[in-house]
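Good morning, everyone. Let me take you through a structure that is new to this group. Please keep the sequence and the model in view while I talk.

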Amino acid sequence: MLDVRPIAYVFGRILIVLAILMLAPGIVDWSAGDRNARAFFASALVTGSLGAMVAIASSNGTRKAFDVREAYLLTAAIWFGLPAFAAMPLMIGVPHLHFTEAYFEAVSGITTTGATVIYGLDTMPAGMNLWRGLLNGAGGLGIAFVAMIFLPVMRVGGMQFFRTEGFDTFGKALPRATDIAKQLVGVYVGLILLAGLSFAVIGMTPLDATVHAIAAIATGGFSPRDVSFNAYAGAGEYLGALFMLLGSLPYIRYVQLVNGSARPLWQDVQVRGYLKILCLSVGSVTLWRWWTSEMEFEDVFREALFNLTSIISSTGFFSGSFPFWGGYMLPVAFLIGMMGACSGSSAAGLSVFRVQIVWAALVQQVRQIISPGRVAPVKYDGRTVEPDVLDALILYVCGFILTLGVLTVAMTLTGVDAMSALFAVWTSLGNIGYGFGPLVERTGTFVDFPDAAKWIMTLAMILGRLGLLAIFVLVLPRFWRR
Amino acid sequence: MIDFRPVAHVIGLVIVALGGAMVFPMLLDLSAGDGNWAAFLKSALICLVAGGGVAVATANALSGGLSLQQIFLLTVLTWVAACFFGALPLILGAPGLRWTDAIFEATSGLSTTGATMIVGLDDLPLGANLWRGMLHWLGGLGIVIVAMLFLPVMKVGGMQFFRSEGFDTLGKVLPRALDISSALVQIYVVLTVTCALTYAALGMTGFDAVVHAMSTVSTGGFSTSDQSFAKFAGPLEYAAVVFMLAGSLPFIRFIQLWQGEWVPLWRDRQVRAYLRWNAYAIGAIVLYEVLTHDMAFATVLRETTFNVVSVFSGTGFTSADLAAWGAFPFAILFITGLIGGCTSSTGCSVKVFRYLILLEAVKVQLKRLYQPAAVTPLRYEGRVVTDDVLNAVISFFTLFILSFGVLAVALSLAGLEVKTAVTAAWTAIANVGPAFGPEVHPTGALLAFPDAAKWIMIVGMLLGRLELMAVFVILMPRFWRG
């Protein structure tokens, strides 16, 4: 039998952190004299005391290192369990959501998806919007840790390729891990502060600036406004695009930058590929729209830049008439959304690095057909990609596509039309948060989806966030046998 | 430099044969007293002169075997040339199509897709409809021969797995190839004749029975009526189901059956999975329709069985308004179209075999996640699947999805609406037949598409029919060197 105490111990401590986090919006509401503060304090009390009890009860079973199975369980427990607690303020407090919607909203926050089921954000108490932003922030930071420390060891989706960059085994990891983790938090907070200040300078209210800054850097996408970035069209969109972009680059490169070496960031194959694809898609969509409509060039360019950056970085802010452009824009948005941004950031999707390696493998495959005798290894960034990494990675891509198909079918069963279903699964699995389709168009939110469809989206968000296999492996009976 | 002459010689002979085939519709029109016979005579003469000229001019270079490069060139160029010459009667004669439309129609015929450019099929001279059926029939025969003789040698998409069933090396191919080809032709003819007799017995006119039999067994989808199979609703639909299934089973099993061995067909894992998945899809849709609509069970069962098998096998007959079925059945149909029939049949798309391998690979991958040390070889029907087969299968799948995405983007750029673009890309690359959307004529004809879109679909149909890799290989500069 599996010893769950080490996992429970860490989980309990994370709950305590979550409870402390709840105090922040509580204090904001309380100082504004809003009775809604009680929702946060009550939730914090429940979460904190429960967390403390779990931590104390299992403290006799702690160990320094986790084995692979425990790493799987812990990540799954965090991403399934935390949202239940994070949803509490949303149920007790002002929007008075029922559990399905509150859990959806919390999962959407913690997975940095950014799809919302709340319509009427502008009239909510400030604390509630701050809480949504904080969920994005916590989720973004959390996944950056998991992606850097856990996934390479768990060998999910070819992430073992990055093992040497981070840490070899858990045993050796800890001393260096703490160092890097501290710097990571520093970089993350620094970026958020920079974004917040810049947003404030161009005239956002303090609340809007804070939430938008957190959501942009975490590539989350929660906005305190129903109209998202439309409230700050113009300079706000350019700045937003910049910070979403910064939030979707590999964090390890920032840590190296802080330590004085700019070259790794500059020469990163993934970053270059990412920027290239972004430029191509923004350029072509801009030209296409400018050609086929009456819009001014600057408007077209600004909206295309902002919205496509929002989609490719899996953030989910929207602005302008872009969601209604249709035509050529939609398939482009679909493809780049599925690809997503760089691995090692808070962004989701297949990630540029996987797409690049898969491409290299495909070219390799076609070459092999021409000259069967030659065996040339697939290379990435000058390094040979081992066959086991390659297998894991390509199967991850196939698994992603199969999951997308299966969940879309499941969602159409709940009565959602095919187009809305496809894009809803796309937006959840890729943690994007951007909505297309007839069901979304009325409000720009997912409030009109049936409950069953919301649960499918919730599942898809967690699947997409943890790289599919990390969850699928838990379903295998063999996993639980020793 | 590649020696083109043997390739050109074979293509010349194929064109002559194609011209010879035009005699049948000519005789039909002549006996019916329709003036359209002249078009077939003219086209046949052009084929004879052009094909014969090429064949004679290159006859001096005939050697024993073909090199790998020549086989690739032969496969691709034969299809391209045949599509061009097969279009001639449709331009010179009755429907009087424009170049683009005629080539589309011929490509759709020879690739056994079944999407049509013609509205008013019922009023067409008999010869023209017979020719459309014959294009299907010839295309189906051609692809079975290519799939059984060439693809395993070309190592396209993991087909080398079947090499031992066919032939080991090119040198030895020819004698057995002739044997197998003649057995194949006999089986194909017997199937078609049985199908036609069944249709006639169940009430089709002799002419309809022949044309529909040709397009059923080849899993094509052209009909002699604008209503497609809705005109023949009833028992005929079940008869068609049987023969569409027969057309999409591995023909090597029929050859074995011919020799008295029914066990291989019965035991074939691919056949079993294919039939099982068909049953699942039909069951799910019937259940959904019965629960949500108030329709007679017998009607629902018949329509569902017919249309699901039609899409799954890549045929493309319709007997009901599929778009009106609702989102869930539509999604199921869409996915069955992306699976397709069995390998070395006239069926199209990714093929059941590749999905079986893919699912096996995912299972092995999951096992590796928590048992990194265990080495589990991948097995299919008791045989170990080697790495190169696995890689080829996975690359094929990825490339297929990628090509599908790129086609959809290109089609939407050509001006189609998103839904139309996606379903048109689907129908083209998977050689299914129907497309859905506002630009599609109520009869299912695609003649209102912009010319650019038609050409993109022509490329897509050829790509899908020739298993992608065969075409992409030719585009690589390396292919032409050395």
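I will go from the contact between the chains to some helix pairs, then to two helices and a few single residues.

One caution before the details. This is a predicted model.

Start where the two chains meet. How many residues does each chain bring to the contact? Chain A gives 43 residues, and chain B gives 39 residues. On the side of chain A, several helices give two or more residues each. They are α3 (68-86), α14 (329-339), α15 (352-370), α16 (387-413), α17 (418-429) and α20 (469-475) of chain A. Which one gives the largest share? That is α16(A), with 13 residues. Now the chemistry of that side of chain A. There are 31 nonpolar residues, seven polar and five charged.

Next, helix pairs. Two packed helices are described by the angle between their axes and the distance between the axes. I have three pairs for you.

Stay in chain A and look at α3(A) again. Its partner here is helix α5, residues 99-110 of chain A. The axes of α3(A) and α5(A) come within 8 Å, and they cross at roughly 125°. That makes α3(A) oblique to α5(A). The crossing is right-handed. Which residues meet? From α3(A) we have A:Trp79, A:Leu82, A:Pro83, A:Ala84 and A:Ala86. Facing them in α5(A) are A:Tyr103, A:Ala106, A:Val107, A:Gly109 and A:Ile110. By class, this contact of α3(A) with α5(A) has nine nonpolar residues, one polar and no charged.

The second pair is also in chain A. Helix α12, residues 269-292, meets α15(A). Their axes come within 9 Å and cross at roughly 90°. So α12(A) is roughly perpendicular to α15(A). On the α12(A) side, the contact uses A:Val269, A:Gln270, A:Gly273 and A:Tyr274. On the α15(A) side, it uses A:Val352, A:Phe353 and A:Gln356. The classes here are four nonpolar, three polar and no charged. Remember that α15(A) is also among the helices that give residues to the contact with chain B.

The third pair is in chain B. Helix α2 covers residues 23-31, and helix α3 covers residues 37-57. Their axes come within 8 Å and cross at roughly 155°. Are they roughly parallel or roughly antiparallel? At that angle, α2(B) and α3(B) are roughly antiparallel to each other. The crossing of α2(B) and α3(B) is left-handed. B:Val23, B:Pro25, B:Met26, B:Asp29 and B:Leu30 of α2(B) meet B:Trp37, B:Phe40, B:Leu41 and B:Ala44 of α3(B). Eight of the residues in that contact are nonpolar, none is polar and one is charged.

Now two helices on their own. Look at residues 235-247 in chain B, which form α10(B). This helix has 13 residues and reaches 19 Å from its first C-alpha to its last. The expected value is 18 Å, at 1.5 Å a residue. Ten of the 13 residues are buried, so α10(B) is largely enclosed by the rest of the structure. Among the buried ones are B:Leu236, B:Phe243 and B:Met244.

In chain A, residues 235-247 form α9(A). That helix has 13 residues and reaches 18 Å, close to the 18 Å expected. Its buried residues include A:Leu239, A:Phe243 and A:Leu245.

Last stop: three single residues in chain B. Take B:Ser228, in the loop between α9 (206-217) and α10 of chain B. Its phi is near 55°, a positive value in a residue other than glycine. Is B:Ser228 buried or exposed? It is buried, with 25 other C-beta atoms within 10 Å.

B:Glu467 is next, in the loop between α19 (451-465) and α20 (469-475) of chain B. Phi of B:Glu467 is near 60°, again a positive value in a residue other than glycine. B:Glu467 counts as buried, with 27 C-beta neighbours inside 10 Å.

Finally, B:Ser403 sits in helix α17, residues 387-413 of chain B. B:Ser403 is buried, with 20 other C-beta atoms within 10 Å; the cut-off for buried is 20 or more. What does B:Ser403 touch, beyond residues up to four places away in sequence? The answer is B:Ile429, B:Leu463 and B:Leu468. B:Trp426 is 23 residues from B:Ser403 in sequence, and 9.9 Å away in space, C-alpha to C-alpha.

That is the tour. Thank you.

Note on methods: Residues numbered from 1 in each chain as written. Chains lettered and ligands numbered in written order. Predicted model: local features only at pLDDT ≥ 70, side-chain atom pairs only at ≥ 80, totals over all residues. Contact = placed C-beta atoms within 7 Å. Helix = DSSP H or I, 4+ residues; strand = E, 2+ residues; numbered from the N terminus. Nonpolar A, V, L, I, M, F, W, Y, C, P; charged D, E, K, R; others polar. Expected span 1.5 Å × (residues − 1). Buried ≥ 20, exposed ≤ 12 C-beta atoms within 10 Å, placed from the backbone. Axes fitted to C-alpha atoms, helices over the stretch in contact; angles between N-to-C directions. Parallel < 35°, antiparallel > 145°, perpendicular 65-115°, else oblique. Left-handed = near helix turned anticlockwise from the far one by under 90°.
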